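Let's take a walk through this one together, a stop at a time. Keep the sequence and the 3D view open side by side as we go.

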Amino acid sequence: MSAKRDYYEVLGVSKTTSPEEIKKQYRKLALKFHPDRNKSDEAAEHFKEISEAYAVLSDPEKKQIYDQHGHAGVDGRYSSEDIFQGARGDFSDIFGRGGGGFESIFESIFGRGGGGGFGFNQQRGSDILYQTSVTLEDVLHGKKMEIEINKQIQCNTCNGTGCKPGTNKKTCSSCNGQGQVRQSRNMGFASFVTAVPCSSCRGNGTIIETPCDDCKGRAIKQGSKKVTFEIPPGIDSGDYTVQNEGNEIPNGSNGDLIIRVRVQPHSIFKRDGKDIFYDHNVSMVDAALGCDIIVPTLEGSEKIKVDSGSQPNTIVKLKGKGVPYINSRGRGDQYVRIVVNIPQKLNKQQKKLLDEFKKISE
């Protein structure tokens, strides 16, 4: 799984685009990917993506945090519910006319939550991004890592109910626990009935009369958790997913932990995929006469033979001395490039010997 796309890229706007233009662009894209209009398999995911981007970029506070810290800043401070809550008025304004109503559009996309009523994007917690670096030796052997992350966790005081211990949720009397109420609109000779979230329970179907003192009725709170995961042998720089270790959410599934791995440059080796490259210097005499040399590998050292008459940039292959194929058997190779050193200064005796060598070689 890759990390989230940039919100500005998602909407096709820039940081300097006015709020009115952002709203206009969102409405254009939302209508394009509305599931009632667009029957492609990807429409629902696109609709979620552009709606989340608009919810953040249309809120000055969230937009400022996103501009400074990116997704990590927003996800670390807000739950999915928090992100969308502030934009409900805008969404209603955008879709409340001629489109079947805001709530009817989003209900089919984001599903129902809580007590069976409308739950706005409450089915899954948000992802968390964690960045780390590994050495080339870690790539060879793999690495077990244990990290502590700050995340939204289920409140252990109320066990995720949001209620003060010893109390329970009450069924909402306004919607009888359905989480939604029906509204009828007369349009000419026709009457249209739309299901909208219950304003009394905010679509949950239940009401918390005595909130938990610890989480204030949210059922989740900021906390920390130690997470252990394996960096597999053969890994390359990129994003990797630890499932269900992202932000937790009541009555839903956890988000994922996105591990952004950077393989550090090595001081003497260069890597190209599964293969390793190393330069070894030899004198022009050793290149001419041949010699045995000791070269380093990721696992120690190896003795190799330099044939007599070896030319500059001759390559010697050490089979199986590269890094492993990720999630597969086998390893790449190490390639040793012979770099022939030509002396820049010669003493009189060296010049004399080379002159004699030149004469007898003609």
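Where does Asn313 lie? Asn313 sits in the loop between β15 (300-306) and β16 (314-318). Bear in mind as you look that this is a predicted model. The backbone is what catches the eye here: Asn313 is not a glycine, yet its phi is positive, at about 70°. As a rule, most residues other than glycine have a negative phi. As for its surroundings, Asn313 counts as partly exposed because its relative accessibility is 46%.

There's another asparagine to put beside it. Asn159 belongs to the loop between β4 and β5 (170-171), and its phi is near 60°, again a positive value in a residue other than glycine. With a relative accessibility of 58%, Asn159 counts as exposed, since the cut-off for that class is over 50%.

Now go back to β16 and look at the sheet it belongs to. Four strands make up an open sheet, ordered β12-β13-β17-β16, and their pairing is mixed. At the edges stand β12 (270-272) and β16, each of which pairs on one side only. On average, neighbouring strands in this sheet are turned by 30° against each other, direction ignored. Zoom in on the β16 edge: β16 and strand β17 (residues 334-341) run antiparallel and are joined by five bridges. To find the register, look for Lys317, which stands opposite Tyr335 in β17.

A second open sheet is worth a visit. This one has three strands in the order β3-β11-β10, also with mixed pairing. Each of β3 (128-134) and β10 has a single partner strand, so one side of each is left without a neighbour in the sheet. The twist here averages 30° from one strand to the next. β3 and β11 run parallel, with seven bridges between them, and you can spot Ile128 opposite Leu257 in β11.

Ile128 also leads us to the next stop, as it is among the residues in contact with Lys151. Lys151 is part of strand β4 (residues 143-154). Is this lysine buried or exposed? Lys151 counts as buried, because its relative accessibility is just 1%. So where does its side chain go? The side chain of Lys151 reaches the backbone oxygen of Glu245, at 3.4 Å. Setting aside sequence neighbours within four places, the contacts of Lys151 also include Lys221, Gln222, Gly223 and Lys225, along with Gly246, Asn247 and Glu248.

Follow that last contact to Glu248, in the loop between β10 (238-242) and β11 (257-263). Glu248 has a relative accessibility of 16% and therefore counts as buried, the cut-off being under 20%. Its side chain reaches the backbone nitrogen of Gln154 at 2.8 Å. Beyond its neighbours within four places, Glu248 is in contact with Lys151, Gln152, Ile153 and Gln154, and with Ile220 and Asn254 as well.

Finish at helix α10 (residues 348-361). At 1.5 Å a residue, its 14 residues should span 20 Å, and the end C-alpha atoms are 20 Å apart, which agrees. At its N-terminal end, Asn347 acts as a cap, with a side-chain oxygen 3.2 Å from the backbone nitrogen of Gln349. How many of the 14 residues of α10 are buried? The count is zero, and α10 is hardly covered.

Key. Residues numbered from 1 in each chain as written. Predicted model: local features only at pLDDT ≥ 70, side-chain atom pairs only at ≥ 80, totals over all residues. Heavy atoms only, no water. Helix = DSSP H or I, 4+ residues; strand = E, 2+ residues; numbered from the N terminus. Buried < 20%, exposed > 50% of the residue type's maximum accessible area, 1.4 Å probe, protein only. Polar contact = N/O pair within 3.5 Å; in protein donor to acceptor, adjacent residues only side chain to side chain. Contact = heavy atoms within 4.5 Å. Pairing = 2+ DSSP bridges. Axes fitted to C-alpha atoms, helices over the stretch in contact; angles between N-to-C directions. Expected span 1.5 Å × (residues − 1).
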